[in-house]
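Open the model in your viewer and keep the selection tool at hand. The stops below can be taken in order.

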Amino acid sequence: MPGTVLLLAASPTGKSCLVDAASVLPVLAAVAPSVLSGTDTANVVELADPLEPQAVLTRLRAAATAPGPLTVFLTGQLQLDRRQRLPHLALARTTAATVRYTGFPWHWIREELRLRAPGSTAVVVDLHTDAETWQHLAVQPLTVGPGALLYGRVAPPPPRRAVASPTYMKSVATILRSGHRPPLAHLHQQALTRSSGEDPEAARRDIVLAVDPTQPLSATPPAQPPMRPVPGFRPAPPPPVPVQVSLPVSVPAPASPVAPPPPPSDPHAEITAAVESGRHAEAAELAGRREQEALRAHGPGADEVVHWMEVRADLAMFAGDAELSCRIWLAVADVRLAAGQEPGAPGVEAAVDRAHHQWGRIGDSARARELGPALADLRLRVPGRRQGALDDVQRHLSRLQAQV
């Protein structure tokens, strides 16, 4: 099965730029697609200094829904928005004051990758931050979803008036240009070693990311590189070591060895396999069953229930049922707001944005007219990040009503 590769390099223009992200793209683009992806063939999508968050989202979503393995090579800088203090990938027009509207929210990456089968997705990053974001990430590490591999490094801000070089990602690209792609964990270590030759301070300074959820946890945690102290942050003391006392207890041997129970199946992997095989009804049934189980176990509005509602909404989109997807996303937004989440909360905004997107794809005018007022009401409460979203709903609804 062919793989998909997304090459994304993003950084602001002007004085806000901390890293020359785009300089790595020519080196990555020189690598054969099959080597970038680790598959026999691959489709490569390149994004250099994108301007709009929605353009990045469109490319990421297309890559995330493609069958086969997905590898994302991401180079750039992270900044926090001042209102919710969430990390964003800074784009070409991003400034400290506008990051909430011009940056790409990092949690959108998790949202788009969450339905992919465990082990089928790898994200390789070389990221730089400003001082505020660096302190934030020291206590709240980056994640890219429960089943995705994450390798790379996060670097603190360079010296004043200096623009850093993405030495880690350039090392990755140089190694891959040999025509051989080692396992990602080995590639990561080789790139760290190679880049430390150009920047000897990196090993002591950077936050190193190496997350592989497909591997069992080790009894001995791997050694972590020392990190720069964060003002005002003091790590919690280690828990006391329990004292073990040996007592002469006689334990009868079991009559026969007991076989361990089989490992539980991953419902997300089953659903992904069904979607990739075109069995959309089966995938929807599996998700609906999980939603009902969560409803019985946790009650209406619980996070587990909302999660499976969102899965069903995405599955309807994959199946081409824009009306059903829109209805479910509207319901998700209502549930989140009823649970007390703010209109600007990421989950609420994402639900309304996706309902809006699916509503515009409904081919039946009568069905679209039926859902339009509910969407317009939500847009009054949740305007989202795109200016004119409510006006867009009202104009489209007026055109639909004129057709009656």
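Which residues does Val-163 touch, not counting residues up to four places away in sequence? Select Val-163 in this predicted model, in the loop between strand S7 (149–155) and helix H7 (167–176). Show its contacts: Val-163 touches Cys-17, Leu-18, Val-19 and Asp-20. Then add Ser-16 and draw a C-alpha to C-alpha distance to Val-163: the two lie 9.6 Å apart in space, with their positions 147 residues apart in sequence.

**The largest pocket**

Next, select Arg-61, Glu-112, Met-317, His-357 and Gln-358. The largest pocket holds about 1,200 Å³ of space, and these five are the closest to its centre among the 50 residues that line it. Colour the helices around them. At least two lining residues come from each of helix H3 (53–65), helix H5 (106–113), helix H10 (267–276), helix H12 (303–318), H13, helix H14 (346–359) and helix H16 (389–402). Colouring the lining of the largest pocket by class gives 20 nonpolar, 14 polar and 16 charged residues.

**Two cavities**

Now turn to enclosed space. There are 2 cavities of 30 Å³ or more. The largest cavity has a volume of about 70 Å³. To find it, select Leu-6, Leu-8, Val-56, Leu-60, Val-72, Leu-74, Phe-104, Ile-109, Leu-113 and Val-123, which line this cavity. Strand S1 (3–10), H3, strand S3 (70–80) and H5 each give two or more residues to that lining. How do the residues lining the largest cavity divide into nonpolar, polar and charged? The division is 10 nonpolar, no polar and no charged.

Keep Leu-113 selected, since this residue is also part of the lining of the second largest cavity. Add Arg-114, Arg-116, Thr-121, Gly-145, Pro-146, Gly-147 and Ala-148 to complete that lining. The volume here is about 30 Å³. By class, the second largest cavity is lined by 3 nonpolar, 3 polar and 2 charged residues.

**H13 against H15**

Move on to helix H13 (residues 322–338) and helix H15 (residues 365–381). Their axes are 11 Å apart and the packing angle is about 30 degrees, so H13 and H15 are roughly parallel to each other. H13 passes H15 in a left-handed crossing.

Show side chains on both helices. On the H13 side, select Glu-323, Cys-326, Arg-327, Leu-330, Ala-333, Asp-334 and Leu-337; they meet Arg-367, Glu-370, Leu-371, Ala-374, Leu-375, Leu-378 and Arg-381 in H15. The residues of this contact comprise 8 nonpolar, no polar and 6 charged.

**H15 against H16**

Keep H15 on screen and bring in H16. The axes of H15 and H16 come within 9 Å and cross at roughly 155 degrees, which makes H15 roughly antiparallel to H16. This crossing of H15 and H16 is left-handed.

From H15, select Ser-365, Ala-368, Arg-369, Gly-372, Pro-373, Leu-375, Ala-376, Arg-379 and Leu-380; from H16, select Ala-389, Leu-390, Val-393, Leu-397, Leu-400 and Gln-401. Together these residues make the contact, which by class has 10 nonpolar, 3 polar and 2 charged residues.

For a last view, leave Leu-375 highlighted: this residue of H15 takes part in the contact with H13 and in the contact with H16.

How values were computed: Residues numbered from 1 in each chain as written. Predicted model: local features only at pLDDT ≥ 70, side-chain atom pairs only at ≥ 80, totals over all residues. Heavy atoms only, no water. Axes fitted to C-alpha atoms, helices over the stretch in contact; angles between N-to-C directions. Helix = DSSP H or I, 4+ residues; strand = E, 2+ residues; numbered from the N terminus. Parallel < 35°, antiparallel > 145°, perpendicular 65-115°, else oblique. Left-handed = near helix turned anticlockwise from the far one by under 90°. Contact = heavy atoms within 4.5 Å. Nonpolar A, V, L, I, M, F, W, Y, C, P; charged D, E, K, R; others polar. 1 Å grid on protein atoms, 1.4 Å probe; cavity = no way out; pocket = protein on both sides within 12 Å on 5 of 7 lines; lining within 4 Å. Points joined across faces, edges and corners; volume = space filled by probe spheres on them.
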